[in-house]
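Visitor: I am new to this structure and would like a close look at a single part of it, taken slowly. Please begin with the surroundings of one bound molecule and then follow whatever connects to them.

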Amino acid sequence: MNILVLGGAGYIGSHTAKELIKAGHNTIIADSLVTGYKNAIPEQAKFYKGDLRDFDFLDNLFSSEKIDAVIHFAAFSLVGESVTDPLKYYDNNLCGTKVLLDAMVKHGIDKIVFSSTAATYGEPENIPILESDKTCPTNPYGETKLAMEKMFKWTAAAHGMRYVSLRYFNACGADESGEIGEAHNPESHLIPLILQVPNGKREYISIFGTDYDTPDGTCIRDYIHVTDLAQAHILAVEYLAKGGESDIFNLGNGVGYSVREVIETAREVTGHPIPAVEMSRRAGDPARLVASSEKARSILGWKPVHDSLSEIIASAWKWHKNHPNGYNEK
Ligand code: NAD
Ligand code: UFG
């Protein structure tokens, strides 16, 4: 298939592009490089630099390339920033997606897979979380992703499109080659921040909250390897190509690890003592987020393979150790 990867220069997009190419799909990337990196783009992919919110850019791209399906990663995703600057998130994530849908409707492109998030649930009522559970985001980032899902639902119904929304839990790890990996600036995610300590870029890791109602008092999350996420996108596109109905799927391992357990595993993997300092809670963090991914397993046939935390951290360490400055090598 000819697949457009919007946001394919970013962390999850670049890993997905790499797996799409391996699976034999003709892969075209569009990205403004606002948070992504040209060096993350596989050389076999054709690259168009431009902004999702620019209708003429997408119109020209869809006129030049015959696109069978779109995979849409392009968004802002810093939860804290979304609270202080919500309109930045509504503008890029929601208005950008509206422009994309306008262009897809104009060109008759009827299949899209896009990045949603566990943040659509807010404080979960049940663990593990099912797709049918209540969605009540606690920040503008999650609100924009939930609004995107609804915009797809109504637009698909009106214009004969089909979509798959993938609600990722905690994306982490890196491609086995060690050539691409996670590079957010600023970084806010636990595993890359922990690995900055053995890399000599940070003296200690902060533990945000030790008084949660969990066995060791720290937050529990479901860590899912980025290559397993990439495979789920390929399965989702193939599902739509075979005529599958629009649907929403959680993507996680179904196993939760506490912040302390993640730090301890990183100590074992790196052989570094990684000092940790206990701090107060970070605003808006739910105590536990663990996915039920039974639906993705049964309908898409998805099966995460990199499901051990030490394997996930070892893959991240292989990337960070050799690229301490991410793609901005000095
Ligand atoms: P990222 O910032 O590394 O990648 C996003 C890419 O989109 C970047 O290359 C950026 O340049 C591009 N982009 C952003 N706005 C654009 C625009 N207007 N026009 C063109 N390109 C634009 O982020 P990521 O961690 O790879 O996340 C990818 C997607 O997955 C996002 O939609 C995010 O909300 C979602 N998500 C991520 C996580 C996670 O743990 N990283 C968890 C849940 C959901
Ligand atoms: N944490 C620390 N110290 C740090 C960084 C993080 O203790 O220096 C803790 C956080 O408080 C949280 C856990 O580590 O308990 C994981 O934090 P991350 O920032 O790595 O990930 P989140 O669970 O906050 O975020 C993830 C996705 C978001 C999504 C969110 C849904 O990355 O895209 O889940 O709540 F919005």
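Which helices and strands each supply at least two residues of the shell around ligand 1?

Guide: Before answering, it should be said that this is a predicted model. The elements that each supply at least two residues of the shell around ligand 1 are α1, which spans residues 11–22, β5, which covers 111–117, and α5, which runs over 140–159. Of these, β5 provides the largest share of that shell, with 3 residues. In total, 30 residues surround ligand 1, and the closest are Asp31, Thr35, Asn92, Tyr141 and Lys145. Sorted by class, the shell around ligand 1 divides into 13 nonpolar, 13 polar and 4 charged residues.

Some individual contacts help to fix the picture. A nitrogen atom of ligand 1 is 2.9 Å from a polar backbone atom of Leu52, and an oxygen atom of ligand 1 is 2.9 Å from a polar backbone atom of Phe73. A side chain takes part as well, for a polar side-chain atom of His184 lies 2.9 Å from an oxygen atom of ligand 1. Taken alone, ligand 1 exposes 830 Å², and the protein buries 96% of that area.

His184 leads on to another feature, since this residue is also one of those that lie nearest the centre of the second largest pocket, together with Gln196, Pro324, Asn325 and Gly326. The lining of that pocket is made up of 20 residues, and the pocket has a volume of about 300 Å³. By class, the residues of the lining divide into 8 nonpolar, 9 polar and 3 charged. Two helices, α6 and α10, the latter spanning 309–322, each supply at least two residues of this lining.

From the pocket, α6 carries the view to the other ligand: α6, at residues 190–195, and β8, at 205–208, each supply at least two residues of the shell around ligand 2. It is β8 that gives the most to this shell, with 4 residues. There are 20 residues around ligand 2, of which Leu190, Ser206, Arg221, Arg282 and Asp285 come nearest, and the shell has 12 nonpolar, 5 polar and 3 charged residues.

Three of those nearest residues can be followed down to single atoms. An oxygen atom of ligand 2 is 2.7 Å from a polar backbone atom of Leu190. For Arg221, an N or O atom in the side chain is 2.7 Å from an oxygen atom of ligand 2, and for Arg282, too, an N or O atom in the side chain is 2.7 Å from an oxygen atom of the ligand. Ligand 2, taken alone, exposes 690 Å², of which the protein buries 91%.

Arg221 also opens the way to a sheet. This residue belongs to strand β9, residues 220–221, which 2 bridges join to β12 in an antiparallel arrangement, and Arg221 stands opposite Tyr257 in β12. The sheet is an open one of 3 strands, in the order β12-β9-β14, with mixed pairing. Its edge strands are β12, at 257–258, and β14, at 288–289, each of which pairs on one side only. In general, strands of a sheet pair through backbone hydrogen bonds, either parallel or antiparallel.

To retrace the path, His184 has a polar side-chain atom beside ligand 1 at 2.9 Å, α6 contributes to the lining of the second largest pocket and to the shell around ligand 2, and Arg221 contacts ligand 2 through its side chain while standing opposite Tyr257 in β12.

Technical notes. Residues numbered from 1 in each chain as written. Chains lettered and ligands numbered in written order. Predicted model: local features only at pLDDT ≥ 70, side-chain atom pairs only at ≥ 80, totals over all residues. Heavy atoms only, no water. Near = heavy atom within 4 Å. Polar contact = N/O pair within 3.5 Å; in protein donor to acceptor, adjacent residues only side chain to side chain. Areas by Shrake-Rupley, 256 points an atom, 1.4 Å probe, with all protein chains shown as cover. Nonpolar A, V, L, I, M, F, W, Y, C, P; charged D, E, K, R; others polar. Pairing = 2+ DSSP bridges. 1 Å grid on protein atoms, 1.4 Å probe; cavity = no way out; pocket = protein on both sides within 12 Å on 5 of 7 lines; lining within 4 Å. Points joined across faces, edges and corners; volume = space filled by probe spheres on them.
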